[in-house]
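Visitor: Before the wider survey, I should like a close look at a single part of this model and at what surrounds it. Please set it in its context and then go through it in detail.

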Amino acid sequence: MLVESSDVDDAHLPVNESFPSSAAFDAINSSLQNDDAGRKDAVKNGKAIFAFKLKNKKGQEEGWHIDLKEKGVVGKGEAPEGQKADVILSLSDEDFGKMVAGTTQAQRLFMSGKLKVKGDVMKATKMEPVLKKAQTKAKL
């Protein structure tokens, strides 16, 4: 079942079993929804829509977005309906899981070619605080 960005206000996205790290998006959404001040701060600092294109071990691709431009929510797909992502981050599901868990850094993945960034690379650095908040909530 796909969740459209307008359907994520309840703070829960379905976990995609083909993409184990998809649980991190639920944790990120939860941390944003459960902390009004933190969400406002993330939107104030992020000022962008971040798209994540993950590829699993079977070669399947799936996409999620984090809207830190307006609402401070997470949804399926590259961007909320009628909008475009400012930054697109492409990496493996496994590496995304490691990044959210804090066992590897985005900069290291980028330098080794495992993380590809399209769009405003400097805005991509604004994601780190949001990912750190999810580290304690995601069980990967």
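**Helix α3 and its surroundings**

Guide: Of the protein's 140 residues, 46% count as buried, that is, under 20% relative accessible area, with exposed meaning over 50% and partly exposed in between (1.4 Å probe, protein chains only). The model is predicted, so local features need pLDDT of at least 70 and side-chain atom pairs count only at pLDDT 80 or more, whereas totals for chains, interfaces and linings use all residues. Residues are numbered from 1 along each chain as its sequence is written, and side-chain values use heavy atoms, leaving out hydrogens and water.

The secondary structure comprises six helices and five strands, taken as DSSP runs (helices H or I, at least four residues; strands E, at least two) and numbered from the N terminus. Their order from the N terminus is α-α-β-β-β-β-α-α-β-α-α. Among contacts with a separation of 6 or more, 65% involve residues 24 or more positions apart; a contact requires heavy atoms within 4.5 Å.

The part chosen is helix α3, residues 93–101. Its buried residues are D93, D95, F96, G97, M99 and V100. These pack against α1 (23–33), β1, β4, α4 (106–111) and α6. After α3 comes G102, with a positive phi near 85°.

The packing against α6 (residues 128–135) can be described in detail: the two axes come within 7 Å and cross at roughly 85°. Axes here are lines fitted to C-alpha atoms, for helices over the stretch in contact, and angles run from 0 to 180 degrees between N-to-C directions. The helices α3 and α6 are therefore roughly perpendicular, the class for 65 to 115 degrees (under 35 is roughly parallel, over 145 roughly antiparallel, the rest oblique). On the α3 side F96, M99, V100 and A101 make the contact, and on the α6 side L131, A134 and Q135. Six of these residues are nonpolar, one is polar and none is charged, where Ala, Val, Leu, Ile, Met, Phe, Trp, Tyr, Cys and Pro count as nonpolar, Asp, Glu, Lys and Arg as charged, and the others, Gly among them, as polar.

Two of the strands against which α3 packs are themselves paired. Strand β1 (residues 49–55) has five of its seven residues buried. With β4 (residues 87–92), β1 pairs in the parallel sense over six bridges; pairing requires at least two DSSP bridges. L54 has L91 of β4 as its bridge partner. Strand β1 also runs antiparallel to β2 (residues 61–67), joined by seven bridges, with I49 opposite D67.
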